[in-house]
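Look first at the places where the ligands are bound, and then at the rings elsewhere in the fold. The text below takes them in that order.

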Amino acid sequence: MATFTSSTVEIPPERRIPRHVAVIMDGNGRWARQRRLPRVAGHRQGVKAVREVVRACGERGVDYLTLFAFSSENWRRPAEEVTFLMQLFVVALEQEVGKLHENGIRFKLIGDLSRFEPRLVRLAREAEALTAANQRLTLTIAANYGGRWDVLQAANRMLREHPRLAAGFTEGDLTPYLALNYAPEPDLFIRTGGEQRISNFVLWQLAYTELYFTDTLWPDFDAAALDRAIISYQQRERRFGRTSEQLPAGTGLADFRVGSFRPGE
Ligand code: IPE
Ligand code: IPE
Ligand code: MG
């Protein structure tokens, strides 16, 4: 397994295009309500936005895209909405996996899968196996995922395998057990739908992630909206605890370009 820089242990490499983008796709219900449609129509439309953002991330050179599809707290929703979402996951998986594979996308599903129906888990595992060697973009869907669940399951698994670590452990001991152990820490976090909160999404690895909030509702989020988020990211100065003056000249996000993406074009 590749190991990645921890932002609290070392300064991660800078890249003008974020290597890892993590998104809370929020606002489906409000999108539907604005159109006097049932909430589930918003979820259905949300799948179209997923398709477009996956494509755009691949084109722009993003290496990892992590999408929050269902939180460990979303079970609190009305039963019929939960059931609809589960069916939508199954249908979307069945329909999209072939296209993901053709486009060189590696698929991953993270979260506590114990509450999902076996058919969904089987489909997801098959999709992971089919696409395991793809290298263009790693698309992770976080379902029944919670940031606290993740840290706890990681600590519990680590301690089961290495009981002596109960006496004390380091970041390096713990992080290989986190669900996203195959990805660098997110560079850019996006939340659509206007709320400015993390809602128990990735917690540990957001330590130094640049946060971007937009009022755009998820079904309306498209490639142009993604570019606005990336441009905002490119205007940030990532200091990781240092002063501005300490940053090496010529390495700031605004100072160089990677790939073909030109802001504003
Ligand atoms: C996000 O949209 C999708 C999921 C949480 C599954 P919402 O369903 O939360 O939409 P709003 O926030 O009610 O508009
Ligand atoms: C966060 O959205 C979870 C997902 C997008 C999957 P919610 O709509 O559930 O978040 P809260 O409840 O408004 O914080
Ligand atoms: Mg919401």
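In ligand 2, an oxygen atom lies 3.2 Å from an N or O atom in the side chain of arginine 77. The model is a predicted one, and the distances given here are computed from it. Arginine 191 also takes part: a polar atom of its side chain is 3.2 Å from an oxygen atom of ligand 2. For serine 199, the distance from a side-chain N or O atom to an oxygen atom of ligand 2 is 2.6 Å. These three pairs count as polar contacts because each is within 3.5 Å. On its own, ligand 2 has 390 Å² of accessible area, and the protein covers 78% of this.

The residues around ligand 2 include Ile24, Phe68, Phe70, Ser71 and Arg197. Which strand gives the most to this shell? Strand β2, residues 64-71, does so, with four residues. Sorted by class, the shell around ligand 2 has five nonpolar, three polar and four charged residues. Ligand 2 sits in the largest pocket.

The space taken by ligand 1 is the largest pocket too. Among the residues around ligand 1 are Met25, Asp26, Ala69, Asn74 and Arg77, and these five also appear in the list around ligand 2. Other residues around ligand 1 include Arg30, Arg39, His43 and Leu85.

Where are the polar contacts of ligand 1 made, on side chains or on the backbone? Aspartate 26 uses its side chain, with an N or O atom 2.9 Å from an oxygen atom of ligand 1. Glycine 27 uses a polar backbone atom, 3.3 Å from an oxygen atom of the ligand. Asparagine 28 likewise has a backbone N or O atom 3.1 Å from an oxygen atom of ligand 1. The protein covers 87% of the 380 Å² of accessible area that ligand 1 has on its own.

Two helices, α1 (28-34) and α2 (39-60), each supply at least two residues of the shell around ligand 1. Helix α1 gives the most, with three residues. By class, this shell has three nonpolar, five polar and four charged residues.

Now turn to the aromatic rings. The model has 10 aromatic pairs. One of them joins phenylalanine 189 and phenylalanine 213, whose ring centres are 5.7 Å apart. The planes of the two rings are 65° apart, so the pair counts as edge-to-face, for which the angle must be over 60 degrees. Phenylalanine 189 is in strand β5 (residues 188-191) and phenylalanine 213 is in strand β6 (residues 210-213). The pair links distant parts of the chain, 24 residues apart.

Conventions:
Residues are numbered from 1 along each chain as its sequence is written. Chains are lettered from A and ligands numbered from 1 in the order in which they are written. This is a predicted model: local features need pLDDT of at least 70, side-chain atom pairs count only at pLDDT 80 or more; totals for chains, interfaces and linings use all residues. Side-chain values use heavy atoms; hydrogens and water are left out. A residue is near a molecule or strand if one of its heavy atoms lies within 4 Å of it. A polar contact is a pair of N or O atoms within 3.5 Å; within protein, one must be able to donate a hydrogen and the other to accept it, and residues adjacent in sequence count only if both atoms are side-chain atoms. Accessible areas come from the Shrake-Rupley method with a 1.4 Å probe; for residues, only the protein chains shown count as cover. On a 1 Å grid over the protein atoms alone, a cavity is a set of points where a 1.4 Å probe fits but cannot get out, and a pocket is an open set with protein on both sides within 12 Å along at least five of seven lines; lining residues have an atom within 4 Å of a point. A molecule sits in a cavity or pocket if more than half of its atoms lie within 2 Å of its grid points. Ala, Val, Leu, Ile, Met, Phe, Trp, Tyr, Cys and Pro count as nonpolar, Asp, Glu, Lys and Arg as charged, and the others, Gly among them, as polar. Rings of Phe, Tyr and Trp (its six-membered ring) pair if their centres lie within 6.5 Å; planes under 30 degrees apart count as stacked, over 60 as edge-to-face and the rest as tilted.
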